[in-house]
Amino acid sequence: MTVLFATFHSITQYAGMSTNSVEDLAADHSSRLQARRIERQLWDSWSNGNGSFRLEQHSASHEIVEVHEESVRLVSEKSMNLEIGSVLLIEDSNWQKGYQINEVLTDGEITYYIASPVEDPGKALFLYVGSHPSQLEPAWEDMKLWYQVQRQTKILKIMKQNGFSSKYLPQLIASGRIVHPGQCRRRNGGNCDYPWCGTPILVTNSVGITVADMVKVGQFGKDEAIRCCHDCLSALSAAASAGIRHGDLRPENVIFVTPGVGQPYFVLVGWGHALLEERDRPAMNLHFSSTYALEEGKLCSASDAESLVYMLYFSSGGEMPDLDSVEGALQWRETSWSRRLIHQKLGDISTVLKAFADYVDSLCGTPYRMDYDIWLRRLERHIHGKEIETSS
Ligand SMILES: [Zn+2]
């Protein structure tokens, strides 16, 4: 394509602008190609029924392939449904990349995927499919998708621009829009009628199981709790250095990564609700939001750490109360802290976690800054067993 364009450009420099524009020529070519496809009935063996691309057929055909109109209409009534083995084409302003779906996951409400780049099948990445940009009155699920994909892409880009390289933070691998099968009649900035046209995609690194799933299968023990506390604080500390706060820390947003080489570690994911500026609001969660977030709809310096404490408490067997109102949630926090239920539970796991709960308790709702370094050092020493813990 580049060679073609260069040739075209050279000709226009030599012979002047063509009477036909490149777009006209391309459109012409597309319709001819499409007619030939229909003739050879290749489209039905190529599209796997739900409209996503199949790798086998894709690599078998080296031509640009257009899907017949009929099949486009066929899938247009269905919502996007990607299966294992489907290959998704993503485009940015200057590249196109294929990702093959290896696993379909759900956080209970939203579906996301483990995928690998077609050119590097050994690599596992998270792939998130956003909501269609033309949703004028987005459903609740679309809002969640918007936070998970569009908003999170924005945050991860900012992190990338700031040169973050903490392994406890997810990293943006690719973001762009779906290339759908069939002819795209997208006009300047808008989208065509195809249901996935312009749907945003986010691909991030570090794949692992969530703390929520670890708890379900009984894999979240004492060592995991201490490491989780350290790794999440490390992620929060790195983000805080650029003025970013998480605002949605809960067991579904922390994953346990087991690398091929080296120690397993936790990564704090789900940065879609992150707070960048004063007017941003944190996510509301009756079990995991900080007291300040529930009362004021804002975060104080220790708010993410407070959510981390709740997560460690519930994930380590602390009794999960039925909460159905903000008042009830605040009441539960008040009672649990004042009766020292949280300190006790975390103290059963480790003295360092109990001390950490004490620290967070003393800091919550105050304007004082959270001192990450002290706690990272203490937790690190504890993980490596180099120091006998003294209570604070
Ligand atoms: Zn389109």
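## A tour from S206 to the helices

Begin at S206, which counts as buried because 20 C-beta neighbours lie inside 10 Å, and 20 is the number at which a residue is called buried. The model on screen is a predicted one. S206 sits in the loop that runs between β7 (200-204) and β8. Check its backbone: phi is positive, about 60°, although S206 is not a glycine. Most residues other than glycine have a negative phi.

**Stop 2: R340.** Jump to the loop between α11 (326-338) and α12, where R340 is placed. Here is another residue other than glycine with a positive phi, near 60°. Is R340 buried, exposed or partly exposed? R340 has 14 other C-beta atoms within 10 Å, so it is partly exposed.

**Stop 3: the sheet β8-β9-β10.** Select the three strands that form an open sheet in the order β8-β9-β10, with antiparallel pairing. The edges are β8 (209-210) and β10 (265-268), each of which pairs on one side only. Now look at β9, residues 254-257. Four bridges join β9 to β10, and the two strands run antiparallel. To see one bridge, select I255 together with its partner in β10, V267.

**Stop 4: α8 over the sheet.** Add helix α8, residues 222-240. It lies across β9 and β10. Its direction makes an angle of about 40° with β10.

**Stop 5: α8 against α14.** Keep α8 and show helix α14, residues 372-384. The two helices pack with their axes 9 Å apart, at an angle of about 150°. That angle makes α8 roughly antiparallel to α14, since the term applies to angles over 145 degrees. The contact residues on the α8 side are I226, R227, C229, H230, L233, S234, L236 and S237. On the α14 side, select Y372, W375, L376, L379, E380, H382 and I383. Turn the view to follow the crossing: α8 passes α14 in the left-handed sense.

**Stop 6: α10.** Next, select residues 303-315, helix α10. Its 13 residues reach 18 Å from first C-alpha to last, close to the 18 Å expected at 1.5 Å a residue. How many of the 13 residues are buried? Twelve are, so α10 is largely enclosed by the rest of the structure. Select the buried set by name: S303, D304, A305, E306, S307, L308, V309, Y310, M311, L312, Y313 and F314.

What do the buried residues of α10 pack against? Show α7 (211-216), α8, α9 (291-296), α12 (341-349) and α13 (351-363). Of these partners, α8 is the helix already seen lying across β9 and β10. After α10 comes G317, with a positive phi near 100°.

**Stop 7: α12 and α13.** Stay with two of the partners of α10, namely α12 and α13. Their axes come within 6 Å and cross at roughly 155°. This makes α12 roughly antiparallel to α13. On α12, select I342, H343, L346, G347 and I349. They meet T351, L353, K354, A357 and D358 in α13.

**Stop 8: the β2-β3 hairpin.** Move to strand β2, residues 86-91, and strand β3, residues 96-106. Five bridges pair them in the antiparallel sense. The hairpin between β2 and β3 uses four residues. For a bridge to display, take L88 and its partner in β3, Y99.

**Stop 9: from β2 to β6.** β2 also pairs with β6, antiparallel, over three bridges. Here the residue to pick is I90, whose bridge partner in β6 is I178.

**Stop 10: S175.** Finish on S175, placed in strand β6 (residues 172-179). Is S175 buried or exposed? It has 21 other C-beta atoms within 10 Å, so it is buried. Which residues does S175 touch, leaving out those up to four places away in sequence? Select T153, I201, L202 and V203. Draw a distance from S175 to T153: C-alpha to C-alpha, they are 7.0 Å apart in space and 22 residues apart in sequence. I201, L202 and V203, touched by S175, lead back towards the opening stop, since β7 (200-204) precedes the loop that holds S206.

Conventions: Residues numbered from 1 in each chain as written. Predicted model: local features only at pLDDT ≥ 70, side-chain atom pairs only at ≥ 80, totals over all residues. Pairing = 2+ DSSP bridges. Contact = placed C-beta atoms within 7 Å. Axes fitted to C-alpha atoms, helices over the stretch in contact; angles between N-to-C directions. Expected span 1.5 Å × (residues − 1). Parallel < 35°, antiparallel > 145°, perpendicular 65-115°, else oblique. Left-handed = near helix turned anticlockwise from the far one by under 90°.
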